[in-house]
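Here is a short briefing for a reader meeting this structure for the first time. Look over the sequence and the model, then work through the points by topic.

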Amino acid sequence: QVQLVESGGGLVQAGGSLRLACAASGGTFADYTMGWFRQAPGKEREFVAGIYWSGGTTYYADSVKGRFTITKDNAESTVYLQMNSLKGEDTAIYSCAAKIHRAWYSSNTLRRPSDYDYWGQGTQVTVSS
C-alpha cells in the first residue's frame with residue numbers, strides 16, 4: 001500500500017515563496033511518476049506539475065510555468081514543488097499523486113487526475129494580496 005503525505009503549505013503574501021513536499025512510503029518510489037494538483041473552492045481539480053519516474057522530464061500548467069519547479073528525490077522518496085512569485089489565484093488545496101507503474105506516459109495522461117493511482121490528503125496554500 002502506497003501512502004503519500006504532503007507538507008509545507010501555509011499562508012504567504014503575494015510575491016512570496018513556499019516549498020511543498022510529498023513523502024511517499026510503500027512500494028518502489030523510483031518507479032513512480034508523480035504529479036501535483038490543486039483545487040480552489042468552487043473549482044475543479046487542476047493539474048499543476050508532473051515529473052516522470054526518472055526525474056529528468058517535467059511538465060507544468062501554463063499558469064505556473066516559470067514560477068513553480070517540481071523535483072523528485074528518489075533517495076528521500078519525496079517529490080517537491082517549489083513555488084515562487086505566488087499570486088492570489090494560486091490559493092488552493094495542493095495534493096500530490098502517484099502513478100506507480102514505470103512507463104513513459106503521454107503529457108496528456110500526466111494532466112488527468114483519474115489516471116493516478118494514489119493521492120495524498122492535501123495541504124492548504126493561501127496567498128494573501
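Four strands make an open sheet in this predicted model. Their order is β1-β3-β8-β7, and the pairing is antiparallel. A disulfide joins Cys22 to Cys96. The largest nonpolar core holds 37 residues.

**The open sheet**

- Strands of a sheet pair through backbone hydrogen bonds, either parallel or antiparallel.
- The edge strands here are β1, residues 3-7, and β7. Each of them pairs on one side only.
- Neighbouring strands of the sheet are turned against each other by 15° on average, with direction ignored.
- β3 and β8 are joined by 6 bridges and pair in the antiparallel sense.
- Two bridge partners show how β3 meets β8. Leu20 has Leu81 of β8 as its partner, and Leu18 has Met83 of β8.
- β1 and β3 also run antiparallel, with 5 bridges between them. Val5 has Ala23 of β3 as a bridge partner.

**The disulfide**

- A disulfide is a covalent bond between the sulfur atoms of two cysteines.
- How many disulfides does the model have? The count comes to 1.
- The sulfur atoms of Cys22 and Cys96 lie 2.0 Å apart.
- The link of Cys22 and Cys96 is right-handed, with 55° about the S-S bond.
- Distant parts of the chain are linked by this pair. Cys22 is in strand β3 and Cys96 is in strand β9, 74 residues apart.
- Are the two cysteines buried or exposed? Cys22 has 0% relative accessibility, so Cys22 counts as buried. Cys96 also stands at 0% and therefore counts as buried. The cut-off for buried is under 20%.

**The largest nonpolar core**

- Which members of this core touch the most other members? They are Met34, Trp36, Leu81, Met83 and Tyr94.
- Several strands give two or more residues to the core: β3 (18-25), β4 (33-39), β5 (46-51), β7 (68-73), β8 (78-83), β9 (92-99) and β11 (123-128).
- β9 gives the most, with 5 residues.
- Leu81 and Met83, both named above for their core contacts, also take part in the sheet. Leu81 is the bridge partner of Leu20, and Met83 is the bridge partner of Leu18.

**Aromatic pairs**

- The structure holds 8 aromatic pairs.
- Phe29 and Tyr32 form one pair, with ring centres 5.8 Å apart. Their planes stand at 75°, so the pair is edge-to-face. Edge-to-face calls for planes over 60 degrees apart.
- Phe29 is buried, because its relative accessible area is 5%. Tyr32 is at 2% and so also counts as buried.
- Phe37 and Trp119 form another pair, with ring centres 5.0 Å apart. Why is this pair called tilted? Its planes meet at 55°, and tilted covers what is neither under 30 nor over 60 degrees.
- Phe37 and Trp119 link distant parts of the chain. Phe37 is in strand β4, and Trp119 is in strand β10, residues 118-119. They are 82 residues apart.
- Phe37 counts as buried at 0% relative accessibility. Trp119, by contrast, is partly exposed at 27%.
- Ring pairs link Phe37, Phe47, Tyr116 and Trp119 into a cluster.

**Charges over rings**

- Lys72 lies over the face of Phe29, at 4.4 Å from the ring centre. Phe29 is also the ring that pairs with Tyr32.
- The charged end of Lys99 sits over the ring of Tyr105, 4.2 Å from its centre.

**Positive phi values**

- Most residues other than glycine have a negative phi.
- Where does Ser77 lie? Ser77 is in the loop between β7 and β8. Its phi is positive, near 50°.
- Ser77 is partly exposed, with a relative accessible area of 21%.
- Ser85 is not a glycine either, yet has a positive phi of about 50°. Ser85 is placed in the loop between β8 and β9.
- Ser85 is partly exposed, at 41% relative accessible area.

Key:
Residues numbered from 1 in each chain as written. Predicted model: local features only at pLDDT ≥ 70, side-chain atom pairs only at ≥ 80, totals over all residues. Heavy atoms only, no water. Core = buried A, V, L, I, M, F, W, Y, C linked by side-chain atoms within 4.5 Å. Buried < 20%, exposed > 50% of the residue type's maximum accessible area, 1.4 Å probe, protein only. Disulfide = S-S within 2.5 Å. Pairing = 2+ DSSP bridges. Axes fitted to C-alpha atoms, helices over the stretch in contact; angles between N-to-C directions. Phe/Tyr/Trp six-rings, centres within 6.5 Å; stacked < 30°, edge-to-face > 60°. Lys NZ or Arg CZ within 6 Å of the ring centre and 35° of its normal.
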